[in-house]
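Here is a short tour for someone opening this model for the first time. Keep the sequence and the 3D view side by side as you read.

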Amino acid sequence: MSDTLALSAQDLRAFGEAVTDLVASYYDSLAERPVLEHASAAALRAALAGPMPIEGTALPELLATVRDVILRYSRHNGHPRMFGYVASPGAPIAALGSMIEAALNANVTAWRSAPSATELEFVAIDWLKEMLGLSGKATGLFVSGGSMANFAGLAAARSAKAPDVVRRGVAASVRPLRLYASEEAHFSIRKAAGMLGLGEDAVRSVKTDNRLRMDPADLERLVRADLDAGYLPAAVVANLGTVATGAVDPIPEIAEIAHRYGLWFHIDAAYGGFAAVAPSCRHFFDGVGSADSIALDPHKWLYLPAGCGCVLYKDPATARAAFSQDAEYIRVIGRERSEAFAFWDYGPELSRPFRALNFWLLFQFAGARRLGEAVEQNIVCARYFEQLVKESNDFEMLAPVELSIFCFRYAPKNFAGHLDALNERILGIVQRGGSSYLSNARISGRFALRGCVLNYRTTERDMEILLDDVRRAAAEALA
Ligand SMILES: Cc1ncc(COP(=O)(O)O)c(C=O)c1O
């Protein structure tokens, strides 16, 4: 047996085979597993806790704990009927890529630290620009996820509209800044405003229409009122796929208002951005090229494992104004310009994992056509479910299906009780049942059962099973 830290090639191959076998069996068993097998926090703690190990443990023993406890009691995001939240299933090719990524252990701070990884990230960003129709000058980088991408975009907005704030703090801003986002915007927008020192209350909630899309007239009304009151309207955030219902805000109209009032235009496409590869969704992307910044998440609808978000900027100079730093310990010596490139000048992080590798592997391995088919099939499944609900006499839709999210509730004729309470009970029963997994949303004040199809394994048959599962849960809730 070789050193447990250095591991000989022979041991690595033997262990690698055991791990690959475990992963392959896991994928094979996904559809047969409950989406989530319940175990109490106390039971899980008891199965995992123990004193800090002083000596090492043999790998087979560790793999048994991985298989019997860690794998078993995970919520299986790759299950074909995992519809909760915005959960990527992950992709087997990325499971392999993650092994290469960890072996290389590139720290993608700058070109000189990771030359090929940096160039690969440029290639990946170019593909995303092409996908979204952004200009050649636009730039961007991978970040940890959508929240961080929204934060980075709004940090660039803040420095563009109040340049002194970056060095001198928010007190340097002559007028308090205001941001605008629809009442359906993700909480990461408010959170970013808080972290940027603008205050969560600086985000004004713009009303939505009957499809839960931002009402541009209300946006303009709020901007004018803030101007009159002495505020500095700084940025507007449009949703390209809201988290609750998948609504897509009217991008061209919002872009026009942003242009007229000098607002930074940020698009939160964390969920919906990869609908761009689905032919039926191209029309949603009109006007996207005019955005100053865009958040999108390969770890959502590009099926990559958690930890891969992306922010794009129309003008690289605006990102540099917000983030660039000088220090002797990062000074680049004797390099030509392209080799002096540093990611820390464009985003919040210094040390960064090699996120472009899995992105590149998946795109190269599957191809944009196959990825587009998978995204399109997710949309077909969501629309099929909507049709099943509309044809039923005991369910109703609470919002139209725009992309791959569906919101509905059990609403039998002549039910005299409280529908919110009934559907909350149903959700609990479905989640504990394990055959399908939904989450929840509140739509126009009503409790909704909410699902998001985000898995290339999901078929129309799964949507039929889901409806049966919910119907069975409803019967149990009423019993
Ligand atoms: C529209 C939208 N924006 C932002 C986020 C935040 O993304 P992340 O969880 O990657 O931080 C989400 C997450 O679901 C989202 O749906």
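Domain bounds, as used here, come from an automatic or database domain assignment. For this chain the assignment gives domain 1, residues 9-76, and domain 2, residues 102-363. The centres of domain 1 and domain 2, taken over C-alpha atoms, are 37 Å apart. Bear in mind that this is a predicted model.

Now take the chain as a whole. It has 15 helices and 11 strands. Its radius of gyration is 24 Å, and the globule rule gives 23 Å for 479 residues, so the chain is as compact as a globular protein of that length. The C-alpha trace spans about 70 × 60 × 45 Å along its principal axes. Of the 479 residues, 44% count as buried.

Start inside the bounds of domain 1, at A58. This residue sits in the loop between α2 (41-48) and α3 (59-71). Is A58 buried or exposed? A residue is exposed if 12 or fewer other C-beta atoms lie within 10 Å of its own. A58 has 9 such neighbours, so it counts as exposed. T4 is 54 residues away from A58 along the chain, yet the C-alpha atoms of the two are separated by 9.3 Å.

Move on to helix α4, residues 92-104. How far should its 13 residues span? At 1.5 Å a residue, the expected span is 18 Å. The end C-alpha atoms of α4 are 19 Å apart, which agrees. Just after α4 comes N105, which takes a positive phi of about 50°.

Next is the ligand. Its shell holds 14 residues. The closest are G145, G146, S147, V243 and A270. By class, the shell has four nonpolar, eight polar and two charged residues. Which helix gives the largest share of this shell? Helix α6, residues 146-161, does, with three residues.

Stay with α6. Its 16 residues should span 22 Å at 1.5 Å a residue, and the end C-alpha atoms are 22 Å apart, which agrees. Helix α6 is also mostly covered: 16 of its 16 residues are buried. A general point about helices helps when you view one. An α-helix has 3.6 residues a turn, so residues three or four places apart point the same way.

Further along lies helix α13, residues 355-391, and L362 is found in this helix. L362 has 20 other C-beta atoms within 10 Å. The cut-off for a buried residue is 20 or more, so L362 is buried. P400 is 38 residues from L362 along the chain, and their C-alpha atoms are separated by 31 Å.

Finish with three strands. Strand β11, residues 446-452, pairs with both of the others. Strand β9, residues 405-410, joins β11 in the antiparallel sense over four bridges. In that pairing, F406 stands opposite G451 in β11. Strand β10, residues 439-443, also runs antiparallel to β11, and five bridges join the two. Here A441 stands opposite A448 in β11. Strands β10 and β11 form a hairpin with two residues between the strands. In this hairpin S444 takes a positive phi near 45°. How many of the seven residues of β11 are buried? Six are, and the strand is mostly covered.

How values were computed
Residues are numbered from 1 along each chain as its sequence is written. This is a predicted model: local features need pLDDT of at least 70, side-chain atom pairs count only at pLDDT 80 or more; totals for chains, interfaces and linings use all residues. A residue is near a molecule or strand if its C-beta atom, placed from the backbone, lies within 6 Å of it. Ala, Val, Leu, Ile, Met, Phe, Trp, Tyr, Cys and Pro count as nonpolar, Asp, Glu, Lys and Arg as charged, and the others, Gly among them, as polar. The expected span of a helix is 1.5 Å times one less than its number of residues. Two strands pair if DSSP finds at least two bridges between them. The radius of gyration is taken over C-alpha atoms; the globule rule is 2.2 Å times the number of residues to the power 0.38.
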